[in-house]
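Colleague: I would like to go through some of the labels used for this model. Please give the reasoning behind each one.

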Amino acid sequence: MKFPGNGQERASCVPEPDPRYGTRFPWPFTWTSGVRQPPLNPGDMANLHERINHLRPHWFEGFQLNVTRSCGVNRTVGASWSLSHVTPSGFRLGGHFRRRCSNSVLTTPLVALDVNPTTLCSNVLLLYRPIRSVGLELALQLQPSGNPFVDELSLQYTGASRTSTVRCSTPGTLDTYRVSVDHLVSLNDRLCFGVEVLCECYRGIHNTNVAFAGRYNRETYTLAATISPEAFDLSYWQKVSGMLQVGSSMIVNQRQNRALGSVCYRLEHADTVIRGSFDSDWTIGFTYGRKLTPAAFTACLSLLFCAPKNTFQCGFRIDLDSNLLRQCDDRKE
């Protein structure tokens with residue numbers, strides 16, 4: 001705004017009112033454009049409760065020894081030996097191999113397998129993504145004297161703000177199968193909703209079910225829920241600090257006539273990871289894992305106790321990884 005005076009115009013620090021908004025708009029205010037985050041890809045329905053699942057301890061019983069060796073950028077081989085009263089004991093060999101990958105596109109399939117040398121029973125996983133938005137996954141169980149079992153065959157489309165997946169599994173004879181179709185879409189960068197249609201058959205008995213899901217995601221907490229006529233699943237995850245994460249979940253299954261609530265946590269500090277959980281059926285346990293870089297291995301201890309069932313499980317695992325040896329050599333240099 002300018003003021004006349006003594007034949008000269010003086011400038012003022014008061015801005016001119018914007019003619020776009022008329023004389024009623026208060027001239028001391030200014031208009032600024034807001035910032036709106038675009039919708040993000042929500043993932044698929046199988047990983048809807050992914051954050052709370054990362055907090056849960058991975059129980060194991062007995063003794064396990066795992067050795068992993070990296071043979072290049074796209075090849076890794078490994079061996080494992082386990083002694084347990086709960087899971088099958090024995091020695092297994094395996095690895096995963098990938099020929100070419102460019103910008104998240106697998107120009108050749110990724111193959112992961114493990115074989116039991118004694119029985120020649122093996123698990124095979126094939127993952128192929130010919131283009132960025134389409135992925136194909138196949139998991140098989142092979143036996144020397146029997147037909148292969150299809151654990152899961154899935155075809156997934158991944159868009160900018162939505163994911164559609166078709167899954168099929170036939171664990172046994174042809175009269176037993178399971179087919180599901182799910183679609184998950186993000187409304188914005190925090191909220192997503194989805195639906196899943198499930199058709200299953202067990203020895204000629206067919207069943208069809210529909211489930212609805214939703215998730216609200218923030219930087220420090222996440223709330224997810226899945227509801228269907230026969231089941232209900234609710235989970236909550238919160239990041240308390242840079243080292244501590246806590247969460248709780250409640251699962252109600254009408255078909256099994258069972259309800260279970262649990263509280264779990266994850267604590268990370270100086271190459272140490274501690275996971276623990278407490279369930280409503282009085283099952284208490286935790287796992288303690290520590291990465292010992294001078295010795296180039298990771299040691300993990302698992303404890304599980306259930307008072308009503310009078311059960312106690314204890315496990316100890318050692319993981320040897322060649323990548324830790326390289327890290328130790330780099331630190332020494």
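Colleague: What makes Glu200 count as buried or exposed?

Modeller: The model is a predicted one. In it, Glu200 has a relative accessibility of 18%. Buried means under 20%, so Glu200 counts as buried.

Colleague: Why is the pair of Glu200 and Arg255 called a salt bridge?

Modeller: Their closest N and O atoms are 3.2 Å apart. The cut-off is 4 Å between a side-chain nitrogen of Lys or Arg and a carboxyl oxygen of Asp or Glu, so the pair qualifies. Arg255 sits in the loop between strands S18 and S19, and Glu200 in strand S14, so the salt bridge ties together parts 55 residues apart in sequence.

Colleague: How do you know that Asp114 and Arg92 form a salt bridge?

Modeller: By the distance again: the closest N and O atoms are 2.6 Å apart, and the limit is 4 Å. Asp114 belongs to strand S8 and Arg92 to strand S5, 22 residues apart.

Colleague: Why are Asp114 and Arg92 called partly exposed?

Modeller: Asp114 has a relative accessible area of 23%, and Arg92 has a relative accessibility of 23%. Partly exposed lies between the 20% and 50% limits, so the term fits Asp114 and Arg92.

Colleague: What about Glu219 and Arg218, which also meet in a salt bridge?

Modeller: The N to O distance there is 3.7 Å, and the 4 Å limit admits it. Glu219 has a relative accessible area of 55%; exposed means over 50%, so Glu219 is exposed. Arg218, at 28%, is partly exposed. The structure holds 12 salt bridges.

Colleague: What makes the pair of Phe63 and Trp81 edge-to-face?

Modeller: The ring centres are 6.0 Å apart, and pairing requires them within 6.5 Å. The planes stand at 75°; over 60 degrees counts as edge-to-face, so that is the label. Phe63 lies in strand S3 and Trp81 in strand S4, so the pair ties together parts 18 residues apart in sequence. Ring pairs also link Phe63 and Trp81 with Phe316 in a cluster.

Colleague: Why is the pair of Tyr216 and Tyr221 called tilted?

Modeller: Their ring centres are 6.4 Å apart and their planes are at 40°. Stacked needs under 30 degrees and edge-to-face over 60, so the pair is tilted. Tyr216, at 31%, is partly exposed, and so is Tyr221, at 27%.

Definitions and conventions
Residues are numbered from 1 along each chain as its sequence is written. This is a predicted model: local features need pLDDT of at least 70, side-chain atom pairs count only at pLDDT 80 or more; totals for chains, interfaces and linings use all residues. Side-chain values use heavy atoms; hydrogens and water are left out. Helices (H or I, at least four residues) and strands (E, at least two) are DSSP runs, numbered from the N terminus. Buried means under 20% relative accessible area, exposed over 50%, partly exposed in between (1.4 Å probe, protein chains only).
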